[in-house]
Each structure stands twice: as structure tokens, then as C-alpha cells.
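Student: I'm new to this one. Can we walk through it together, one piece at a time?

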Amino acid sequence: MENPYIRQYPDLMVGKKILYVHGFGSSAQSGTVKRIQEALPQSTVLAYDLPIHPQEAMELLRKVCEEQQPDLIIGTSMGGMYAEMLTGYDRILVNPAFEMGQTMHDHNMMGKQIFQNPRQDGVQEFFVDKPLVKEYREVTGQCFTHVSPEEQERVYGLFGDEDPVVHTFDLFRSHYRHAIHFHGEHRMTDRSFMRGVLPVIRWIDDRQEKRERNIIYIGEECLKDSYGKPKSSFNKAYDFLIEHYTVYIVASAPTNDHEAITQMQDWTEQYISTPAHDRVVFTNQRQLLYGDYFIATEPLDDFMGTVIPFATDEFKTWEEVIVYFERLGGQ
């Protein structure tokens, strides 16, 4: 039966290989593998049952990377920790467990454990003891040892804002610039994949293909209702626009009110989340921006592109904006 929560994007990652690295106690039968393949039907998703011993797991992953040369690696939890060390590839780390030894101790992972998903070898149980925890402490000590300016642009860390298990956002941010919160918990769901991971896959695919999308700016005055919530159909319109365009939010940058900038950043993280990462422009001189479209309520006589006069008879709501851009077909 078709999953009603997963949309297909046959134009993304076409003909490319995506290596998925599962979390602790899981397997290649993780539901995330199916999510990726359903959403990106023109890609090939590779997944392997990882050995419990971390050094063996890393040896397997490095061998797979050498043989398969994946275009993208996605790792979740423990898999995110492993993926960080697979340098030379574009990577997305979802709730990466960079302190795996401590996490195992803090969350009652000692003793006999049951695999969460079926394994190819049929093994259903494994045992965690102190020597194994020590192995994980040693392997996590190898994280962040090969961070370079190039690697910083190729690695994205995604962190669920309601994750009760792993809290490594600040640790990741101290080494990489693309540290991003998404709405979700530790385990990935259809929603967190579509709204948190898929936008990043789109950015990576665009960069790999040297694909340039037309630019849309949205003025901050078009975002909120009188209660500070997103205007009706704004999120629907935003989700549609980012599928076809590069979208930026444009906000004022009052030099005498630094708190206003922080409040705007908090608002976009709460109501837009991942897709707004590095896509908020603070400026008091909108006429200096160069792009294709600007959705705004105020006149922009010096803007070189097309101005969409929001809240006018022609574009009263975001529904009218959606219709307009649907007719353009991404142009």
C-alpha cells in the first residue's frame, strides 16, 4: 500500500547511490531505508547489517564506500557517528551519537539486548558488557579528527528538538557549521524525514548537479498573522516553493534592537525549521538584493526581478501565490 505521508521526488538523486548507516541495535531492515527509497525512486539505497563491535563496523563501512562510491551517506544515531568519520563524501548525520559509550551507560543498554529489526544472519540477541562499551568510547574518540573546510561544507548535522536520548548539537556545532534543528524525536518518522532530511538532500543534489534555481525572497511582513503565527496557507506555500526555487526570508536588521534578530531566528526555526537554515537574510536595504522574485507588501521600485504584491487584490492570500507559481512551473 502506498504511504500517504511520503511524497515521491523522481527528479532528485537520479541514478545516484545513497548509503544508509543504521543505529545501535538495528539493521539494514530499518524503516528509514524504505522511506528513502520511496521518496527518491530514481536512486539506489544501500544498507548493510553492521557488526556490533565498532572497529569491525568501520572496516565494513570503509570497504563499502571504497567499492560502491556512494553519492550521499545518511547515518542515524550510532550510524551518524560512523558516517562522520567516512570523510570524502557528502553526509547527513541525524541525531548522531558522538558519545556512544556514555549513551549506552545512561540509557540502560547494558546486558542482553534484542535487535530492533531482523538481521540477515538471523541473530536476534546480543550482549553489551564493559569491554564493548570501552570499544565504543575508543571509536568515538576518533570523531572530528579530519575536519577541514571542505568537510565542513559536505557534512550536515540534524538534531531533533525533542530527542530524549542524544544531545550532541553543541559538540557537532563546535566542529561543523551546518548544525540544524528539526521537529522530531530520536527515532526518525515519515514527517521528520520529509521535513527535516529531504530538504538537505535537495541542497546536496543541487550542489552536486551544479543546479541553480530561481531565487524568491519573502518579506517578513508576509509571514505572520496578528497572533505571531504563520499566516493561513503560508507553510503550504513555502513547502511548494522550496521544491522549485531557492527561497530566502528577508527580515530587517535594526542596529538598536539586537533582540529582534534573535526573535526572527527563533520564529523561523519554530515554524519553518530545517528548510530555513542559512536562508534568512537580515538587511535594511532590500533594494540591494538580487533575485528573480520578491513577495512583499511594500513597493520595491529598484528590485530587478518580479515583485509579488502580497495582501493586494491580486495576491490576497498565500493560496493566490501558490496558483501563480504553479502556472510558472518553476520558472
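Tutor: Sure, and let's start with a term: a disulfide here is a pair of cysteine sulfur atoms within 2.5 Å. Keep in mind that this is a predicted model.

Student: How many disulfides does the structure hold?

Tutor: Take Cys65: the nearest cysteine sulfur is that of Cys143, 15 Å away. A disulfide needs the two sulfurs within 2.5 Å, so Cys65 is in no disulfide. Cys143 is in none either, with the sulfur of Cys65 as its nearest. The number of disulfides is 0.

Student: Is Cys65 buried or exposed?

Tutor: The cut-off for buried is under 20% relative accessible area. Cys65 has a relative accessible area of 2%, and Cys143 has 6% relative accessibility. Cys143 counts as buried, and Cys65 is buried.

Student: On to the sheet. Which strands are at its edges?

Tutor: The open sheet has 6 strands with parallel pairing, in the order β2-β1-β3-β4-β7-β8. An edge strand pairs on one side only. Neighbouring strands are turned by 20 degrees against each other on average, direction ignored. The edges are β2 (44-47) and β8 (179-182).

Student: Which residue of β3 stands opposite Leu19?

Tutor: Strand β1 covers residues 17-21 and strand β3 covers residues 72-76. They pair in the parallel sense, over 4 bridges. Opposite Leu19 in β3 stands Ile73.

Student: What angle does α2 make with β1?

Tutor: Helix α2 packs on the sheet, where it touches β1, β2 and β3. The direction of α2 is compared with that of β1, and the angle is about 175 degrees.

Student: And what angle does α8 make with β7?

Tutor: Helix α8 (residues 190-209) packs on the sheet too, touching β3, β4, β7 and β8. Its direction makes an angle with that of β7 of about 170 degrees.

Student: Why are the buried residues of α5 on the same side of the helix?

Tutor: Helix α5 spans residues 130-140, and its buried residues are Leu132, Val133, Tyr136, Val139 and Thr140. They share a side of α5 because the arc they cover around the axis is only 125 degrees.

Student: Which residues are exposed on the other side of α5, and what do the buried ones pack against?

Tutor: Exposed on the other side are Lys130, Pro131 and Lys134. The buried residues of α5 pack against α2 (54-68), α3 (78-84), α4 (100-106) and β6 (125-128).

Student: At the start of α5, which backbone nitrogen does Asp129 reach?

Tutor: Asp129 uses a side-chain oxygen here. That oxygen comes to within 3.1 Å of the backbone nitrogen of Leu132.

Student: Which side chains of β6 are buried?

Tutor: Strand β6 runs antiparallel to β5 (residues 111-114), joined by 4 bridges, and Gly111 stands opposite Val128. Side chains alternate along β6: Glu125 and Phe127 point to one face and are not buried. Pointing to the other face, and buried, are Phe126 and Val128.

Student: Last one: which residues does Val166 touch, leaving out those up to four places away in sequence?

Tutor: Val166 sits in the loop between β7 and α7 (169-173), and at 7% relative accessibility it counts as buried. Val166 and Pro96 are 70 residues apart in sequence, but their C-alpha atoms are 7.3 Å apart in space. The residues Val166 touches are Asn95, Pro96, Ala97 and His186.

How values were computed
Residues are numbered from 1 along each chain as its sequence is written. This is a predicted model: local features need pLDDT of at least 70, side-chain atom pairs count only at pLDDT 80 or more; totals for chains, interfaces and linings use all residues. Side-chain values use heavy atoms; hydrogens and water are left out. Buried means under 20% relative accessible area, exposed over 50%, partly exposed in between (1.4 Å probe, protein chains only). Helices (H or I, at least four residues) and strands (E, at least two) are DSSP runs, numbered from the N terminus. The arc is that of the directions from the helix axis to the C-beta atoms. Contact means heavy atoms within 4.5 Å. A polar contact is a pair of N or O atoms within 3.5 Å; within protein, one must be able to donate a hydrogen and the other to accept it, and residues adjacent in sequence count only if both atoms are side-chain atoms. Two strands pair if DSSP finds at least two bridges between them. Axes are lines fitted to C-alpha atoms, for helices over the stretch in contact, and angles run from 0 to 180 degrees between N-to-C directions.
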